[in-house]
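The following report describes a structure through its contacts, its helices and the way its parts meet. The sequence and model come first.

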2 protein chains.
Amino acid sequence: MSLEFTLLHTDDRSNARLGRIDTPHGPIHTPAFAPVGTQATVKALDPRDLQEVGAELILANTYHLYLRPGADVVAEMGGLHRFMGWRGPILTDSGGFQVFSLAENRIVSDDGVVFRSHIDGSQHTFTPESVVQIQEQLGADIIMCLDECAEPHDRAYNEAALARTHAWAARCQAAQRRDDQALFGIVQGGIFADLRRQSAEFLVGLGFPGYAIGGLSVGERKPDMYDMLDVTVPLLPAGKPRYLMGVGAPEDLLEAVARGVDLFDCVLPTRLARNAALFTRQGRLNIRNAQFERDPAPIEAGCGCYTCQHFSRAYLRHLFKAKEILAARLATIHNVHFLLALMGDMRQAIEAGTFDAFKAEFLSAYPIIPHDIRAANRERRKSQSSR
Amino acid sequence: MSLEFTLLHTDDRSNARLGRIDTPHGPIHTPAFAPVGTQATVKALDPRDLQEVGAELILANTYHLYLRPGADVVAEMGGLHRFMGWRGPILTDSGGFQVFSLAENRIVSDDGVVFRSHIDGSQHTFTPESVVQIQEQLGADIIMCLDECAEPHDRAYNEAALARTHAWAARCQAAQRRDDQALFGIVQGGIFADLRRQSAEFLVGLGFPGYAIGGLSVGERKPDMYDMLDVTVPLLPAGKPRYLMGVGAPEDLLEAVARGVDLFDCVLPTRLARNAALFTRQGRLNIRNAQFERDPAPIEAGCGCYTCQHFSRAYLRHLFKAKEILAARLATIHNVHFLLALMGDMRQAIEAGTFDAFKAEFLSAYPIIPHDIRAANRERRKSQSSR
């Protein structure tokens, strides 16, 4: 058995669930957040850091690793776990998202996608069969079907893309050879409720050990994302894990957990950290600001992360101003720890039956940055090297 | 007492010495190498990394910290140890070397040096009194006198600079207020034996708790460096530590220890690491090379560092090719560990009476890269941000 999901508890007043996913590389306590290790490293962290901040599952990007160092190199080095020194569960995406956001000159057909590498312009083809094979070479515990990521507001494009995504899902299933990896289907359909319903029903019909919800990470307003979760999640089987791809803002994690999502991944905490934006329960602070020049306090009082236990805001500000490498690491440790501690608090609240109150209290203190489509698209264009 | 030096053993067949320096922040077992933390961080490492690789003493640069974040900020944050989270011994230089290599538009007079910041062009003055005061604000365990770093082959310049350096040393001594810091004098004199002798004798006459040997780190051939050590070291009191500034190539560490030097600092291991050049006992390897693409071996078999214990050459090559931040950290851990392990081996060999054999064996396997003055000057010009 590649993966076993145990539903431990469902909240009375919301759809929040407490669960555990057992994988060949250990358990994932859900709801869980997976830091993103695009190129076989969560940027600026080593595997010991990841363990210390409480990570159980990490994500790596098939597109990037296929291009560099090559899936065959990773396989020859003993697979992704051994290659990157991370012995816990790993999830790889299918590469679809990057092909549709990052690669150049892509040509989509029913067979697959021909694209040019963003690194050197070389031409490559991804088919449902090839991305399964690549992910089998990488060796993650959870792998994903190839999907076509359409612009979420374009009805006609979403209809056409969905047909392909569904056909590809069946072909991915058929292509799977290894029996120690769990292949997830990906629900698509943009911001269209009927397409989301159709997608969920089709994929559930195929029968996967878990279901992802794609296409909600960038480019659409938060209310649309929440609406699509309201439509999609109830159609997914209670006994399988549900994974919302590419979402990691604290308020979105709370709202999605409340709607029954179990797994998340996002570059947000790591990317923000490298840009000196640090999470606190009262909102983000930009540690470069002059107000922190002589501030002896940690980023957040009471935080248990290595950074907050040992260093002041004044020191972190100095490291960022002086462009020191350590700045990225200490900031990343804090931001990832922050989200993983938030997930832990959510799990505790679900178990205690106080999730609703926890969510309301958190959101009352945390100022939500309004989601702006143009800002999201700018971010998407900037994200040249990671999902 | 700011510092106590205990001479434990002197080698029979060389001038190599085993000793211990006790500081307010713990012991330094000599001969010792100090990694360089220019801007209050050894680039890419945190204090726990430093402890793990076996560092006891680290160096920080007065010039850099004076300019950013400012010695008053560091003092207000509780001093350098607390600011950077390093609780072991720290040495700060006087800033002289950077003023003469890095700053712009400098004007030297007998009173001190007026210079412009390499960061923002602002004008500043260092006097013997002010650099002592700045170092008292920073709060290192070992602090240095202001010296004038002359071009080592220019006789006339070295004569004039030496007169100033000597006068400044006396003024630094008189300016010292804190009694928990050890102020070292710096022997200068370029490659001129009589000037070196004159300098050593003058400074020993003033009476310092330790003596540095400056001006031998860049720009001169190795034989000249060794000759100057042969001239200088015998004139320094056996009961005080001797510190060769800015030297860190493995062969130079061995040759200088053989001549009776106790302390070293150098950016070499950290800077090489960031450029993918990794130490092994068979010489440096450039981990970017294609030959390492599928190499499952660690950087060096048998190495006890975190990097070699967990990661392959193939993975390190991938991190460097993919420009990942983790590359710098893992490579730096290895290179610093390599030099500190070499120092540990030297101490063991001195204690066992086998230093000569150890040195010969090491040097027979380690290919020495000939020191080229133009290359050294190129490196010096490139070192825009660190000693």
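## Contacts, helices and interfaces

Leaving aside residues up to four places away in sequence, A:Ile58 touches A:Ala34, A:Pro35, A:Gly37, A:Val42, A:Leu50, A:Trp86 and A:Ile90. The model is a predicted one. A:Ile58 is also among the residues with the most contacts inside the largest nonpolar core, together with A:Phe184, A:Leu316, B:Ile58, B:Phe184 and B:Leu316. That core has 256 residues, and its largest share, 16 residues, comes from helix α14 (residues 325-352) of chain B.

A:Ala55 lies in the loop between α1 and β5 (58-60) of chain A. A:Ala55 counts as buried because it has 25 C-beta neighbours inside 10 Å, the cut-off for burial being 20 or more. Its contacts, again not counting residues up to four places away in sequence, are A:Pro35, A:Leu50, A:Val336 and A:Leu340. A:Ile21 is 34 residues from A:Ala55 in sequence, and their C-alpha atoms are 14 Å apart in space.

Helix α14 (residues 325-352) of chain A has 28 residues. Its first and last C-alpha atoms are 41 Å apart, close to the 40 Å expected at 1.5 Å a residue. Of the 28 residues of α14(A), 20 are buried, so the helix is largely enclosed by the rest of the structure. A:Gly353 follows α14(A) and has a positive phi, near 75°.

Helix α10(A) is also largely enclosed by the rest of the structure, because eight of its nine residues are buried. The buried residues are A:Pro250, A:Asp252, A:Leu253, A:Leu254, A:Glu255, A:Ala256, A:Val257 and A:Ala258. They pack against β4, α9 (222-232), β13 (242-244), β14 (263-266), α14 and α15 (355-365) of chain A. Just after α10(A), A:Gly260 takes a positive phi of about 100°.

Towards the start of the chain, strands β1 (residues 4-10) and β2 (residues 17-23) of chain A pair in the antiparallel sense over six bridges. The two strands form a hairpin with six residues between them. Within this pairing, A:Glu4 stands opposite A:Asp22 in β2(A).

Chain A is divided into domain 1 (4-266) and domain 2 (274-365). The centres of the two domains, taken over C-alpha atoms, are 27 Å apart. Their contact takes 27 residues from domain 1 of chain A and 26 residues from domain 2 of chain A. On the domain 1 side, β4 (32-35), α1 (47-53) and α10 (250-258) of chain A each supply at least two residues. The largest share of that side, six residues, comes from α10(A).

Between the chains, 30 residues of chain A are in contact with 31 residues of chain B. On the chain A side, α3 (71-76), α4 (80-84), α13 (313-321) and α14 of chain A each supply at least two residues. Here the largest share, five residues, comes from α13(A).

The table sets out the two contact sides by residue class.

| Contact side | Nonpolar | Polar | Charged |
|---|---|---|---|
| Domain 1 of chain A, touching domain 2 of chain A | 15 residues | five residues | seven residues |
| Chain A, touching chain B | 16 residues | six residues | eight residues |

Notes: Residues are numbered from 1 along each chain as its sequence is written. Chains are lettered from A and ligands numbered from 1 in the order in which they are written. This is a predicted model: local features need pLDDT of at least 70, side-chain atom pairs count only at pLDDT 80 or more; totals for chains, interfaces and linings use all residues. Helices (H or I, at least four residues) and strands (E, at least two) are DSSP runs, numbered from the N terminus. The expected span of a helix is 1.5 Å times one less than its number of residues. A residue is buried if 20 or more other C-beta atoms lie within 10 Å of its own, exposed if 12 or fewer, and partly exposed in between; C-beta atoms are placed from the backbone. Two strands pair if DSSP finds at least two bridges between them. Domain bounds come from an automatic or database domain assignment. Two residues are in contact if their C-beta atoms, placed from the backbone, lie within 7 Å. Ala, Val, Leu, Ile, Met, Phe, Trp, Tyr, Cys and Pro count as nonpolar, Asp, Glu, Lys and Arg as charged, and the others, Gly among them, as polar. A nonpolar core is a set of buried Ala, Val, Leu, Ile, Met, Phe, Trp, Tyr and Cys residues joined through C-beta atoms within 7 Å.
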